[in-house]
Amino acid sequence: MRPACARPDPAPDPDAIAAARAKAAKRARGQTAPLAALDLVAESATLPLNNGLARERAMFLELRKQPQARALRHLFFAERAAQARAKRFAAPPRELRSAVVVGGGTMGAGIAYALDGIGIAVTLVETGEEAAARARQNIAGLFDAAVARGKASAKQAAAGKARITVVTGYGDLPPADIAIEAVFEDLSVKREVFCALADALPDTAILATNTSYLDVNRIFEGIAAPERCLGLHFFSPAHLMKLLEVIRADTSSEATLASAFGLAARLRKVAVEAGVCDGFIGNRILTRYRQVCDVMLIEGALPWQVDAALTGFGMAMGPYAVQDLSGLDIAYANRQRKNLRETPDIRYIPIADRMVEELKRLGRKTGAGWYDYGDGAPEPGAGVADLVAACSHEAGIPRRAFTDEDIRERAITAMIDEGLRVLDEGIARRPADIDLVLVHGYGFPRWRGGPMHVADAIGLPALQDRIESYAAADPLSWSVPPLLTRLIADGRSLADLDQEET
């Protein structure tokens, strides 16, 4: 075989390199390493092998020192620390062979499909024949999609559809090892489900709620053997999204938590332990992030400007595009549950509620939300800018200009601020766990390392100065988190806290 240095040089192909650069600029927006790699590939057609290898080595050494490389290393080690978490419980995980999933909508079907994929026997429960038929369709659609993607054969898909049993009611359930509820986000409905499951299943069955916001402790009040209860917050689509928040109820035993982490490992998910609060880690931070973005709307920004600024930062989607995707009625129902209009310690911004109540704009599913959806690219929603301006006028707030940098700094600082509070309250165990949640569940750019890594990169004293300046202008929305003050006084960083927990 001829050595590489004796082989002919590849022919230059400027068109192929240009196409690859365009693709990388879109798929790896903001990242330096992919474009640098393409430059090296292009140079391989014009440089001798030894010169090319020297250029490659020099580029590696330069990129290794850059902030993006540090952020990626941070995530690499954070993920491995999360994987090791299951080994630190006092009790070993149970091997789970059978499961009941309650609810066959998008989330429940995705959970059932994922469990079936790792060899767990699944029974899915629905309330009636019509709902059961929809559940079967949802499950069949997932197997059909796997065939279309080349992930399964038609024969394998048919076998999978047959394996998942769909039943109505709780009268004849198998003695499953775990039951996961994925029904409507209503406390009374979820409590009814677990009362029925507790009656139908043995006391050894782990009971898990997939709630996104509700108090896990209240959901399980009165359930026998409460040590088996916990939250498993999957992210949609459940069979694809890597994040799983494992919610530690007051009564959850070490064995139950270890078993949840063991299940996550089998599902190849990144599991992060969280305590009980409204929204746990991810949705609590997301709520604060959205609230601060809404404040910027009423002060002078527009939804599409906010989205553009944050996708420019590297977020997978801006907050208003995300709301359109999930449905404005979903966030509206959550705000009504918390009665934000009457909450004295929150700056209530009425724009999003009036989008639903007055303009009847519910997002992509109705073709109209913050954006209008037609055959082409989404366009700024008709009447949305007028509603935003009207809300500013009615509140007596003169609108001002925001730069993209203003928007990015304020929105990401809101994530950091709330993350510090989540950490201080013990809802998250480690700053790196917060980074994992935001990167794997909410589209935070991996190459920035997560909001807590960004906080250290900014510098905690500079971050404190920034928050103090925001608080001076808007004391209802901002105050310096106590943990930030303590860390600065002690001369410690958030990375130090990760090392202490490891």
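Colleague: In which helix does Arg57 lie?

Modeller: The model is a predicted one. On its surface, Arg57 gathers with Arg64, Arg70 and Arg73 in a patch of positive charge. At least two residues of this patch come from helix H4 (67–84), and at least two from helix H3 (49–64). Arg57 lies in helix H3.

Colleague: Which parts does the aromatic pair of Tyr113 and Phe143 tie together, and how many residues apart in sequence are they?

Modeller: The structure holds 10 aromatic pairs. In one of them, Tyr113 and Phe143 meet edge-to-face, 4.8 Å centre to centre with 70 degrees between the planes. Both residues are buried. Tyr113 belongs to helix H5 (residues 106–117) and Phe143 to helix H6 (residues 129–148), so the pair ties together parts whose separation in sequence is 30 residues.

Colleague: Are Asp353 and Arg335 buried or exposed?

Modeller: Asp353 forms a salt bridge with Arg335, and their closest N and O atoms are 2.6 Å apart. Because Asp353 lies in helix H15 (residues 351–357) and Arg335 in helix H14 (residues 328–338), the pair ties together parts 18 residues apart in sequence. As to exposure, Asp353 and Arg335 are both buried.

Colleague: What is the relative accessible area of Glu405?

Modeller: Glu405 forms a salt bridge with Arg408, with the closest N and O atoms 3.3 Å apart. Both lie in helix H17 (residues 404–424), 3 residues apart, about one turn of the helix. Glu405 is partly exposed, and its relative accessible area is 39%.

Key. Residues are numbered from 1 along each chain as its sequence is written. This is a predicted model: local features need pLDDT of at least 70, side-chain atom pairs count only at pLDDT 80 or more; totals for chains, interfaces and linings use all residues. Side-chain values use heavy atoms; hydrogens and water are left out. Patches are made of residues with over 30% relative accessible area and no salt bridge: like charges are joined within 9 Å, nonpolar side chains (Val, Leu, Ile, Met, Phe, Trp, Tyr) within 5 Å. Accessible areas come from the Shrake-Rupley method with a 1.4 Å probe; for residues, only the protein chains shown count as cover. A salt bridge is a side-chain nitrogen of Lys or Arg within 4 Å of a carboxyl oxygen of Asp or Glu. Lys and Arg count as positive and Asp and Glu as negative; His and the chain ends are not counted. The place of a charge is taken as NZ of Lys, CZ of Arg, CG of Asp or CD of Glu. Helices (H or I, at least four residues) and strands (E, at least two) are DSSP runs, numbered from the N terminus. Rings of Phe, Tyr and Trp (its six-membered ring) pair if their centres lie within 6.5 Å; planes under 30 degrees apart count as stacked, over 60 as edge-to-face and the rest as tilted. Buried means under 20% relative accessible area, exposed over 50%, partly exposed in between (1.4 Å probe, protein chains only).
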